[in-house]
Amino acid sequence: MTFSKKQLARAYDVLIQGVVCLDDNLRQGVLVYIESLLLEQGIQRDKYLSLEDLHSYYPYVCMGSYMPIDFFNADNLGLITACNDENFKPISLKVCTVLQGGHKPVHRWHTVGTYRCDDIISAIHVLLETLSNGAYFNPCKTCNTIRPAGYLDDEQVCGCCHDGLLGVA
């Protein structure tokens, strides 16, 4: 699968906003893979992704694995055998959607997919698709900060900017 520069740039913007949490079994390998895609597409940016960018304490996207994933094809027969089992899918990708429910937003976690170890590249691609999908994340038209779509009003303005425009302290 190939991504457009626009999709990758949008996914990068979400990643550096600190809304993604990847567990220790995935973080470094996913970072290297995504950085390689960004470099390959020649996407200009002020900084490279860091491990800290992929470890939010208040995430809206979580990706984890029940077991370590071998990104570099080192020989580990126990993992290879487990990964070849069609029914064993240790990698999960979840996204939190936000709905405005009166005075407080309502958060709902949804599983986007579960994947076998061998399908890690497909899982990363779905992660990038999710991050670049306007149904989940959009920039505020006022401050340009990427926000979960449910935090933006009909004019695509976030609550912080909306309160500022109304003079609410």
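Select Phe88 first. Phe88 is partly exposed, because its relative accessibility is 30% and the partly exposed band lies between 20% and 50%. Phe88 belongs to the loop between helix 3 and strand 3 (91-101). Now add Cys117 to the selection. The two residues are 29 positions apart in sequence, and their C-alpha atoms lie 8.6 Å apart.

**Whole chain, coloured by confidence**

Zoom out. This is a predicted model, so colour by pLDDT before reading anything else. The protein chain averages 86, and 87% of the residues score at least 70. Select residues 77-83. This is helix 3, where confidence is lowest, at a mean of 52. Where pLDDT is low, the predicted coordinates should not be read in detail. Then select residues 20-22. This is strand 1, where confidence is highest, at 97.

**Cartoon view**

Switch to cartoon. The protein chain has five helices and six strands. Trace the elements from the N terminus: α-β-α-β-α-β-β-α-β-β-α. Of the 169 residues in the protein chain, 39% are buried. Turn on contacts with a separation of 6 or more. Residues 24 or more positions apart account for 63% of these contacts. Show the surface next. The protein chain exposes about 9800 Å², and carbon and sulfur atoms supply 52% of that area.

**Helix 1: Leu15**

Hide the surface and select residues 5-16. This is helix 1, and Leu15 is part of it. Is Leu15 buried or exposed? Leu15 counts as buried, because its relative accessibility is 0%. Display its contacts, leaving aside neighbours within four places in sequence. Leu15 is in contact with Val20, Ile34, Leu49, Asp53, Leu54 and Leu131. Then pick Ser56. Leu15 and Ser56 are 41 residues apart in sequence, with 9.7 Å between their C-alpha atoms.

**Helix 2: Leu31 and Glu35**

Move to residues 27-40, which form helix 2 and include Glu35. Start with Leu31, also in helix 2. Leu31 counts as buried because its relative accessibility is 13%, and the cut-off for buried is under 20%. Beyond residues up to four places away in sequence, Leu31 touches Leu49, Ser50, Leu51 and Leu54. Pick the C-alpha atoms of Leu31 and Leu51. They are separated by 7.1 Å, although the residues are 20 apart along the chain.

Now select Glu35. Which side of the burial cut-off does Glu35 fall on, buried or exposed? Glu35 counts as buried, because its relative accessibility is 9%. Outside the residues up to four places away in sequence, Glu35 touches Arg45, Tyr48 and Leu49. Keep Leu49 highlighted. Leu49 is touched by Glu35, appears among the contacts of Leu31, and is also in contact with Leu15.

**Two positive phi values**

Go to Asn144, in the loop between strand 5 (137-139) and strand 6. Check its backbone. Phi is positive, about 65 degrees, although Asn144 is not a glycine. Asn144 counts as exposed, because its relative accessibility is 56% and the cut-off for exposed is over 50%.

Continue along the chain to Gln156. Gln156 is in the loop between strand 6 and helix 5. Phi of Gln156 is near 65 degrees, again a positive value in a residue other than glycine. Gln156 counts as partly exposed, because its relative accessible area is 26%.

**The second largest pocket**

Last stop. Select Gln17, Val19, Tyr60, Gln100, Thr145, Ile146, Arg147, Pro148, Tyr151, Cys158, Gly159 and Cys160, which line the second largest pocket. Strand 6 (146-148) and helix 5 (159-166) are the elements that give two or more residues to this lining. Which element gives the most? Strand 6 does, with three residues. The volume of the second largest pocket is about 170 Å³.

Recolour the lining by class. Seven of its residues are nonpolar, four are polar and one is charged. The charged one is Arg147, because Arg counts as charged. Gly159 is among the polar ones, because Gly is placed in that class.

How values were computed
Residues numbered from 1 in each chain as written. Predicted model: local features only at pLDDT ≥ 70, side-chain atom pairs only at ≥ 80, totals over all residues. Heavy atoms only, no water. pLDDT = per-residue confidence, 0-100. Helix = DSSP H or I, 4+ residues; strand = E, 2+ residues; numbered from the N terminus. Buried < 20%, exposed > 50% of the residue type's maximum accessible area, 1.4 Å probe, protein only. Contact = heavy atoms within 4.5 Å. Areas by Shrake-Rupley, 256 points an atom, 1.4 Å probe, with all protein chains shown as cover. 1 Å grid on protein atoms, 1.4 Å probe; cavity = no way out; pocket = protein on both sides within 12 Å on 5 of 7 lines; lining within 4 Å. Points joined across faces, edges and corners; volume = space filled by probe spheres on them.
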